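Reader: I'd love a slow, close look at one part of this model. Please start at the metal site and then walk me outwards from there.

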Amino acid sequence: MDVRKVAKLAHLEITEEEVAIYTPQMQKIVAYVEQLNELDTEKVEPAIGGLTPEGQATEAVRKEDKPHQTLGQDSAISQAPDAHAGYFRVPKVLS
Amino acid sequence: MKNGWEAVIGMEIHAQLSTETKIFCACPTSFGETPNSNTCPVCLGLPGALPVLNWRAVELGARAALALGLKINEVSIFARKNYFYPDLPKGYQISQYDKPFSSDGILTIMTAERDDQGRPIEWKPMTIRIVRLHLEEDAGKNVHEGLPEVDKFSYIDLNRAGTPLAEIVTAPDFRSSWQAYDYVNHVRRALQWVGASDADMEKGNLRCEANVSVRKIGETGFRPKVELKNLNSVRFMQKAIEYEINRQIEAYERGEEVVQETRLWDEKNNCTRVMRSKEEAHDYRYFPEPDLPPLIVSKEWIEKIKAEMPELPDAMRDRFIKDYGLSFADANQLVSEKSLAEFYEQTAKLSGSPRTSANFILSELLRELNNAGITVAESKITAEKMAELIKLRDEDKINNIQAKEVLAEMFRTGKSAHEVVKEKGFEQISDVATIEKLVEEVIEKNAKQVEDYRKGNQKIFGFFVGQVMKASQGKANPKVVNEVLKAKL
Ligand SMILES: [Zn+2]
C-alpha cells in the first residue's frame with residue numbers, strides 16, 4: 001500500500017507521521033475488501049451498475065433533448081471562492 | 001520517408017455530438033453564451049447533483065458508430081476517469097472504459113500518395129481498425145484572452161462542461177501523415193453526413209490527437225510514442241505528424257532516444273514542442289460510475305437506427321460512377337459534402353443530363369460557392385433552377401459562355417435560369433418560322449448579293465448569315481439560320 005502515491009493522486013500533503021498512521025489503517029481496509037476474493041465467482045456474470053436491474057436500465061434516461069432553465073451566470077459563480085468577469089478564477093494552470 | 005524507417009500512427013478523435021442539451025443535464029449546448037450561464041448543479045459538479053443520460057446523445061453516438069463501421073454493444077457502462085484540472089469541476093470525467101458503447105470497427109477509407117505540393121497522385125482504398133467509439137462528457141474551458149493577471153490566474157468557463165462527445169480511437173494502423181489526414185477527413189465527412197456532429201475543427205467541435213512513433217521496417221514491437229495535441233486543422237495535423245516523424249528518425253539516427261511525452265504543434269514556428277506541464281503520473285483510476293445505470297440497448301433498437309441511416313458517401317460515390325458514368329475523381333468530389341451530393345443527384349435527375357450536370361456543378365458552381373465561402377445548401381440556387389440551366393445549355397439555347405454568365409447571375413440573385421436568360425437577352429431564336437421570316441427579309445433587301453450567290457459566288461454565304469444574325473440582334477440559332485438560308489437561296 002503506497003500511501004504516498006494515493007495522497008499525491010488526491011493532491012493531499014501528508015507528513016511522514018501520517019504515512020505511518022495511515023499505512024496500516026488502509027492495509028486493513030483493503031484486506032477487508034479482499035475477503036470477497038475468497039468467493040468462487042467463476043460462474044457469476046459481473047454485476048454492472050449496482051442495484052439497477054438489467055433491462056430496466058435504459059428507462060432512467062432523458063428521452064427529450066430539450067433545454068431546461070439553467071442557473072445562469074450570477075448563481076453559478078455566487079459560491080465561488082474567487083470569480084472575475086463571470087469566470088471562476090483559479091491559480092494559473094500551465095498548458 | 002527516410003530509408004529503412006516507417007511511421008506508426010494511431011488517431012484519437014473527439015467529436016461533439018449535435019444535441020440541443022448536455023449529456024447528463026438539460027443545459028443547452030449553445031455556443032458563444034456569456035461565461036458560465038449554461039450551467040446547473042450537475043455540470044458544475046455541485047454536491048448531491050445526479051447525472052441523467054440524454055438519449056439523443058446515445059442515438060447520435062450510434063449513428064456515428066455505424067457510419068464508421070463499428071459494432072454497437074448491447075451493454076456498455078460509464079466509468080469515472082479521475083484527474084484534477086480546473087475545467088473539470090467534479091474531479092473526474094464521466095467516460096467509458098472497459099465496456100465502451102461500440103467497438104471492433106473495420107473501416108475502409110480512400111487515401112492518396114501526394115506530390116510535394118500535397119496534391120493527390122492516386123487514390124487507393126485502405127482498411128483500418130477502429131478500436132472503439134465511446135460516449136463521454138466534455139470539460140469546460142480555460143480562458144486567458146483579455147483578462148487581467150493571466151500570469152497568475154486561469155479563468156474558467158463551464159458552459160462547455162458536460163457537452164456530449166464521441167471519442168473515436170484507431171489502432172496504430174497509419175503509416176504516413178497523409179493517411180492520417182485522409183482518415184480525419186473521412187471521419188469528419190461521415191459524422192456530418194449522418195448528422196451526428198458538425199465536426200468543424202475550427203470551431204473546436206472536432207478535435208484530434210495523434211500518437212506517433214517510428215520504427216525500422218521489419219521491427220514488430222513499438223518504440224516510445226509521442227502524443228501530439230493542439231492540432232487545430234487537418235492540415236496542421238498533417239504537418240505536425242510529418243514534422244514529428246522526421247524529428248524522431250533524426251534523433252534515433254544521431255543515437256539519441258525518443259522520450260514518451262506530449263507535444264504541441266507550434267503554428268508560428270512550424271514545429272512541435274514539449275507541452276509544459278507539472279510532472280504528474282497519468283493514473284486515472286477508472287471505476288464504474290455508480291450514479292448511472294448501465295447503458296443497455298436492444299438488438300431491435302440497433303436495427304432501427306441502422307434502418308434510419310442515409311446512404312453513406314462511399315456507396316453514393318460508387319453509385320454515381322456506375323449509374324451516371326462519372327469518373328472517380330468527379331464522383332468523389334461530388335460526395336465531399338452531403339448537400340452537394342444531393343444537389344447533384346437531383347440536378348442530374350431533373351435535367352436528364354448527369355454528365356453535363358457534374359461538369360457544371362464541379363467547375364462553375366463550386367467556384368461560385370468557394371468564392372462566397374458557403375455550401376450549396378446555403379446558396380440561392382436550387383436543384384430545380386440548376387436543372388433548368390443545364391437543359392437550356394443541352395438544348396443549345398445558350399452557349400457555354402452565356403451559361404456561365406447566367407449561373408453567376410442566378411447565384412447572385414436567386415433568379416431562375418429562364419428569367420436571367422430573358423433579362424440578358426440571351427435567349428436564342430430557334431423557331432424555324434421566325435427565322436424564315438428574317439431570312440426572307442434579308443433576301444429581299446439584298447437582291448444583288450442573292451444574284452451573285454446564285455451565279456456561283458459561294459463565298460458570300462457568310463454575308464447572309466451575318467445579316468440574319470444582325471436582324472435577330474444576335475439571338476438567332478446559327479445552326480437553324482444556316483439550314484434555312486441554304487434552303488431559301
Ligand atoms: Zn447543466
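Author: Here is the metal site, followed by some loops and strands.

A quick word on the ground rules: this is a predicted model, so local features need pLDDT of at least 70 and side-chain atom pairs count only at pLDDT 80 or more, while totals for chains, interfaces and linings use all residues. Residues are numbered from 1 along each chain as its sequence is written, chains are lettered from A and ligands numbered from 1 in the order in which they are written, and side-chain values use heavy atoms, with hydrogens and water left out.

Okay, the zinc ion. Four sulfurs hold on to it, the SG atoms of B:Cys25, B:Cys27, B:Cys40 and B:Cys43, at 2.3 to 2.4 Å. (Donors are N, O and S atoms within 2.8 Å of the metal, or 3.2 Å for Na, K and Ca; water isn't among the atoms, so sites may look incomplete.) The angles among the 4 donor atoms are 99 to 115 degrees, and the site is tetrahedral, a label that four donors get if all angles lie between 85 and 135 degrees. Read along the chain, the donors of the zinc ion follow the spacing C-x1-C-x12-C-x2-C. B:Cys27 sits in the loop between strand E1 (5-16) and helix H1 (41-44) of chain B, while B:Cys43 belongs to helix H1 itself, so this pair ties together parts 16 residues apart in sequence. (Helices, H or I with at least four residues, and strands, E with at least two, are DSSP runs numbered from the N terminus.) B:Cys27 and B:Cys43 are both buried, which here is under 20% relative accessible area, with exposed over 50% and partly exposed in between (1.4 Å probe, protein chains only).

Stay in that loop for a moment. B:Asn36 also has its place between E1 and H1 of chain B, and its phi is near 60 degrees, a positive value in a residue that isn't glycine. As a rule, most residues other than glycine have a negative phi. B:Asn36 is buried too, with a relative accessible area of 0%. Another asparagine to look up is B:Asn270, with a positive phi of about 50 degrees. B:Asn270 lies in the loop between strand E14 (261-266) and strand E15 (271-274) of chain B, and at 41% relative accessibility it counts as partly exposed.

Now for some strands. In E6 of chain B (residues 92-96), 5 of the 5 residues are buried. B:Tyr92, B:Ile94 and B:Gln96 are on one side and B:Gln93 and B:Ser95 on the other, so both faces are covered. In general, side chains in a regular strand alternate between the two faces of the sheet. E6(B) runs antiparallel to strand E5 (residues 78-82) of chain B, and 5 bridges join them. One of the partners to find is B:Tyr92, which bridges to B:Asn82.

Last stop: a sheet with strands from chains A and B. Its order is E2(A)-E3(A)-E10(B)-E9(B), an open sheet of 4 strands with antiparallel pairing. (Two strands pair if DSSP finds at least two bridges between them.) At the edges are strand E2 (83-84) of chain A and strand E9 (141-143) of chain B, each pairing on one side only. Where the chains join, 4 bridges link strand E3 (residues 87-91) of chain A to strand E10 (residues 153-157) of chain B. Look for A:Pro91 there: its bridge partner in E10(B) is B:Phe153.

Terms used
Four donors count as tetrahedral if all angles lie between 85 and 135 degrees; four count as square planar and six as octahedral if opposite donors are over 155 degrees apart and all others between 65 and 115; anything else is irregular.
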